[in-house]
Every structure is written in C-alpha cells, then in structure tokens.
Amino acid sequence: MFEAVLFDLDGTFADTAPDLAAALNRLRSDLDLAPVPAGQLRPFTSQGVRGMLKAGLGMQPGDPIYAEFHDRFLRYYSQDICVETTLFPGIDELLGCFERRGSPWGIITNKAQRFTLPLLDQLGYAKRAACVVSGDSARRAKPAAQPMQLACALIARDPAHCLYVGDDLRDIQAGRAVGMATVAVRYGYLGDGDPIEAWGADHLVDDAREIAALAGIH
C-alpha cells in the first residue's frame, strides 16, 4: 500500500490544453494566421511553451523572434489561465479517497510556480494539496530527481512509499530516479516521442479511477 500519491499537473491532473491552445492561437492572430484546432496542439502540451511554439508556429529556441513570442505566449496564458481547464474524470474522487484515508497527495510539475499556484487556486485544490512542487521550486526540473526529492521531504514520506502519476516520459524517468512507483496515463497528452508502452512505467492506466486500486484503496 502506498502512503502518498503525487501527480504531474498538465495532462495528468488537469486538462490545461484548451487554455494553452487559446494562448497559442492569440499569437497566431497577432500574425494574421488562422487558429490551429486545439486537438492538433494537444499532444504537444506537456512539452510546455517550447512544444506549443514549435507545433503552432514552427518556432524553436534560437530563432530571432523566439524569446519575444515565448514571453508573449506566457503573458496571454497568465491572463486566461483557467477558462476551460478542468480536472480529468476521476481525479476528484481519487483525491477524496486519499484524503479520507489520511494520506497526502501533491503536485510535481515543470510548470512555473507563477502559473501553478494560481491555476490550482482557481480550480479549488491549492489548499488541499500536501505539496506543490513547480518547475522552478528545485534546482533542476523533471526528469531530474530534485523535484521528486523535494516533494517527499515536504510530505515526510519515503519515495519508495509514493506513487507518481504522469503523462510524459520525463515523469516516469523522474519517478524512477528516486525509486517511486510510476503510473503512466493513456488519457494524457503523451507527446510525439516513444509510445507510452516504451517508457518503463510500473503501471499503465486508461482512467484515473484505476489509480485507487494501485494505491491500495478499494
């Protein structure tokens, strides 16, 4: 039985893709370009701003105007950070199971704190989380081990007794780096790299409701 469950944020805990796509399409509008369907951008959401700018505008770090559009994207996103974002089905029920058992849950994300905390607050979960570790909370972000170690220190749990849930290869690499059991979710964004079956996760799930059984909650 695991003592705590920790989640990646985008694509695992909350479906943030619609609001991130809206920010990207505001950039395209600035360039008099037609919007890109949100579904087309969805797989790149877990790659953050870099992935969105590459998928939606063909921009990469080093391009002459990349820095300008990177900053403008984040400004647009911060203005409408929780318009269409919702929790994935089953997440709220899962959190309730852990809370009734007295077990902590938390967030470990590569999203910067200035976006993570307002988003969780608007969703209504900021005060319920036992820890929130953002991309700039530790010296290095996932797939490095530091964010995972920090989260475990904050909730006073051994990594071996924690379950980490994510939708990106970096999530699984980070969890494995500290000896956490890992869960990869098929409902997430998944990216455009290796298939989810090749990530080396301990468990694969199609629905967040399956995580309760993995965590020893029945």
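**Salt bridges, a covered strand and an aromatic cluster**

D8, K142 and D171 are linked in a network of salt bridges, a salt bridge being a side-chain nitrogen of Lys or Arg within 4 Å of a carboxyl oxygen of Asp or Glu. The model is a predicted one, so local features need pLDDT of at least 70 and side-chain atom pairs count only at pLDDT 80 or more, while totals for chains, interfaces and linings use all residues. Residues are numbered from 1 along each chain as its sequence is written, and side-chain values use heavy atoms, with hydrogens and water left out.

Back to the network, and to one of its pairs. K142 forms a salt bridge with D8, with 2.9 Å between the closest N and O atoms. This pair ties together distant parts of the chain, 134 residues apart: K142 sits in the loop between β5 (131–133) and α7 (146–155), and D8 in the loop between β1 and β2 (14–15). Helices (H or I, at least four residues) and strands (E, at least two) are DSSP runs here, numbered from the N terminus. How accessible are the two partners? K142 is buried, at a relative accessible area of 5%, and D8 also counts as buried, at 6%. Buried stands for under 20% relative accessible area, exposed for over 50%, and partly exposed for what lies in between (1.4 Å probe, protein chains only).

In total, the structure holds 14 salt bridges. Side chains of opposite charge can pair when their charged atoms come close. Another of these pairs joins R72 to D30, whose closest N and O atoms are 3.1 Å apart. Here, too, distant parts of the chain are linked: R72 belongs to helix α4 (residues 66–79) and D30 to helix α1 (residues 17–30), 42 residues apart. R72 counts as buried because its relative accessibility is 17%, whereas D30, at 36%, counts as partly exposed. R72 has an aromatic neighbour as well, lying over the face of F69 at 4.6 Å from the ring centre. In a similar vein, the charged end of R26 sits over the ring of Y76, 3.8 Å from its centre. For such a charge over a ring, NZ of Lys or CZ of Arg has to be within 6 Å of the ring centre and within 35 degrees of the ring normal.

What about R128 and D92? Their side chains meet in a salt bridge, at 3.7 Å from N to O. R128 is found in the loop between α6 (113–123) and β5, and D92 in helix α5 (residues 91–101), so that the pair, 36 residues apart, links distant parts of the chain. Both partners come out as partly exposed, R128 with a relative accessible area of 34% and D92 with 35%.

Next comes strand β6 (residues 162–166), which is mostly covered, with five of its five residues buried. The cover extends to both faces: C162, Y164 and G166 are buried on one side, and L163 and V165 on the other. Which strands pair with β6? Strand β1 (residues 4–7) does so in the parallel sense over four bridges, and strand β7 (residues 181–185) likewise pairs in the parallel sense over four bridges. Two strands pair if DSSP finds at least two bridges between them. On the β1 side, V5 stands opposite L163; on the β7 side, T182 is the bridge partner of Y164. From β6 the chain crosses through helix α8 (residues 169–177) to β7, in a right-handed β-α-β crossover. Right-handed means that, with the strands pointing away from the viewer, the path from the first strand over the helix to the second runs clockwise.

Finally, the aromatic side chains. The structure holds seven aromatic pairs. In one of them, F13 and W105 have ring centres 5.6 Å apart and planes at 20°, so the pair is stacked. F13 lies in the loop between β1 and β2 and W105 in strand β4 (residues 105–108), 92 residues apart, which makes this another link between distant parts of the chain. Rings of Phe, Tyr and Trp (its six-membered ring) pair if their centres lie within 6.5 Å; planes under 30 degrees apart count as stacked, over 60 as edge-to-face and the rest as tilted. F13 is buried, with a relative accessible area of 0%, and W105 counts as buried at 1%. Together with F7 and Y125, F13 and W105 form one aromatic cluster.
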